[in-house]
Amino acid sequence: MCAECLRCRPSESLRVVKSLGVREGFRVDVGLPANVPRSEGGFRCGLCVNECLVPREEGASGFCGAWVFRGGGLVPVSGYGRAVVEWYFDPHPTNCVAAHFCPAVTGAGFPEFAVRPGLEEGYVNLAVFFAGCGLDCVFCQNWQHKVMAGEAVRRGGRVPWVRDWSELVEAAMDPRVTCICYFGGDPGPHAPFALRASNEVVRRAREGGLVKRVCWETNGVEHPGLMRAMARLSLISGGIVKVDWKAWTPSVYEALTGVNGEKAVKRLMVNTALVARMGRERPEIPLLTVSVLLVPEYVDAEEVRRISEYLASLDTDVPLVLLAFHPDHLMNDVGTTPRRQAEECVREARNAGLKHVYVGNVWLLQ
Ligand code: SF4
Ligand code: SF4
Ligand code: SF4
């Protein structure tokens, strides 16, 4: 189903996409619900745009696999204060999507938000990889998180990757760590865990005069209240909220991610506007960065133009990072991003008024 059909005949095209059942088959195999649960009388989760109605059956999970119905309520799959997560130290400079302009590389905000006026050589990022995501992208380049999340649902949370929030705080307080990047999967479904740990890290960092930036790499569909709390921590710590915007056209978004595209795109508009507004308090480091993965044939110049026009209407200084794609997960029948597609997209973004447009993963361009 091509982007043109999805844009011109959305309902019919989405029916065809759905009838293939490819995404659903994989999800069931790994132990996740095939679709966003809409159980009548189900337990409602409001953490992300899916607003799952989780069946009131012991062990039933939300779409992400991070929350399950247990003991009469909805709880994190491995219990309160715990998450299915892994972390590691990543030396600066990392291949972070915001590396072109973030304090770890440029020293922006030194001395409050960076330990050096330039590259933080010898220091590391604490990369926190969550299992579970509110989207189900067919091309997910970190799809192992779905297997981890599904396994946790199947085994009632008893998997080797369960960690307590206090362990994360200890890891973040390592003297080499200058920033924490939450990704995965997506931090949205795990926001209560991540916020609890980050609040403590930021408190200790302030007391000790340390640099501990809190950054998020998110699909941007979390509840705006959570997004505000996440962005607030980034704002006061020198961190960045990196929103990965999959597509502008709701039907294209839905075909690629498996969730309601109308609702998701509206949520992205609300959340990016919110973070852009908050970012005015700290102009020296952009609080909001948006990335767009240039999926060949789908996320084309038209999609990038519309996203860019919207971002430019918020603030023409919002950095946009266009990422070259490589085939992965269930979408392995397309190549990497053609160089011509990337050039067209850069042109459209600049014409829309954005002043800071970058291309990431350039080595993948063909
Ligand atoms: S975080 Fe999102 S996907 Fe997960 S259970 Fe809640 S509403 Fe559903
Ligand atoms: S996590 Fe934040 S501070 Fe660290 S390298 Fe990435 S954008 Fe920079
Ligand atoms: S939002 Fe990211 S982690 Fe989640 S399914 Fe899509 S590509 Fe994977």
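**Methionine 278, the core and three ligand shells in a predicted model**

Methionine 278 sits in helix α10, which spans residues 261-279. The model is a predicted one, and this residue is a handy way into it. Counting C-beta atoms within 10 Å gives methionine 278 18 neighbours, so the residue comes out as partly exposed, short of the 20 that would make it buried. Leaving aside residues up to four places away in sequence, methionine 278 touches Ala231, Leu235 and Leu287. The pairing with alanine 231 bridges 47 residues along the chain, with the two C-alpha atoms 7.8 Å apart.

Zooming out, the fold is built from 12 helices and 13 strands. Its radius of gyration is 20 Å, close to the 21 Å that the globule rule gives for 366 residues, so the protein is as compact as a globular protein of that length. Along the principal axes, the C-alpha atoms fill a box of roughly 55 × 50 × 30 Å. Of the 366 residues, 48% count as buried. Contacts reach far along the chain too: among those with a separation of 6 or more, 72% join residues 24 or more positions apart.

What about the interior? In soluble globular proteins, nonpolar side chains tend to be buried together. Here the largest nonpolar core takes in 113 residues, and Ile180, Val292, Leu294 and Leu322 have the most contacts inside it. Helix α7 (residues 191-208) gives the most to this core, contributing seven residues. As for isoleucine 180, its contacts beyond four places in sequence are Leu126, Val128, Ala172, Ser198, Val201, Lys212, Val214 and Cys215.

One of those partners, Ala172, is also one of the buried residues of helix α6 (residues 165-172), along with Trp165 and Leu168. These three cover an arc of only 55 degrees around the axis, which puts them on the same side of α6. That fits simple helix geometry: an α-helix has 3.6 residues a turn, so residues three or four places apart point the same way. The buried residues of α6 pack against strands β5 (82-91), β6 (124-130), β7 (162-164) and β8 (177-184), and against helix α7.

Helix α5 (residues 144-154) is another story. Eight of its 11 residues are buried, so α5 is largely enclosed by the rest of the structure. The buried set is His145, Lys146, Met148, Ala149, Gly150, Glu151, Ala152 and Val153, and it includes the charged residues Lys146 and Glu151. Packing partners for the buried part of α5 are α3 (22-30), β3 (67-70), β5, β6 and β8. After α5 comes glycine 156, with a positive phi near 55 degrees.

Three ligands are worth a look. Around ligand 1 there are 13 residues, of which Cys45, Cys48, Cys52, Gly62 and Cys64 come nearest. By class, that shell splits into nine nonpolar, three polar and one charged. Ligand 2 has 14 residues around it, the closest being Cys96, Cys102, Cys179, Cys181 and Cys215. Elements giving two or more residues to the ligand 2 shell are α4 (103-106), β8 and β9 (213-218). The class tally for ligand 2 is 10 nonpolar, three polar and one charged. Cys215 thus turns up both in the ligand 2 shell and among the contacts of isoleucine 180. Ligand 3 is surrounded by Cys133, Leu135, Asp136, Cys137, Cys140, Asn142, Gly184, Gly185, Asp186 and Asn219. Its shell holds four nonpolar, four polar and two charged residues.

A few backbone details round things off. The peptide bond from histidine 92 to proline 93 is cis, with omega near 0 degrees, and proline 93 falls in the loop between β5 and α4. Another cis bond joins phenylalanine 110 to proline 111, with omega about 5 degrees; proline 111 is in the loop between α4 and β6. Positive phi also shows up outside glycine. Glutamate 51, in the loop between β1 (43-44) and β2 (53-54), has phi near 45 degrees and is partly exposed, with 17 other C-beta atoms within 10 Å. Glutamate 297 has phi near 75 degrees and lies in the loop between β11 (288-294) and α11 (301-314). With 12 C-beta neighbours inside 10 Å, glutamate 297 counts as exposed.

Key. Residues are numbered from 1 along each chain as its sequence is written. Chains are lettered from A and ligands numbered from 1 in the order in which they are written. This is a predicted model: local features need pLDDT of at least 70, side-chain atom pairs count only at pLDDT 80 or more; totals for chains, interfaces and linings use all residues. A residue is near a molecule or strand if its C-beta atom, placed from the backbone, lies within 6 Å of it. A nonpolar core is a set of buried Ala, Val, Leu, Ile, Met, Phe, Trp, Tyr and Cys residues joined through C-beta atoms within 7 Å. Helices (H or I, at least four residues) and strands (E, at least two) are DSSP runs, numbered from the N terminus. Two residues are in contact if their C-beta atoms, placed from the backbone, lie within 7 Å. The radius of gyration is taken over C-alpha atoms; the globule rule is 2.2 Å times the number of residues to the power 0.38. The arc is that of the directions from the helix axis to the C-beta atoms.
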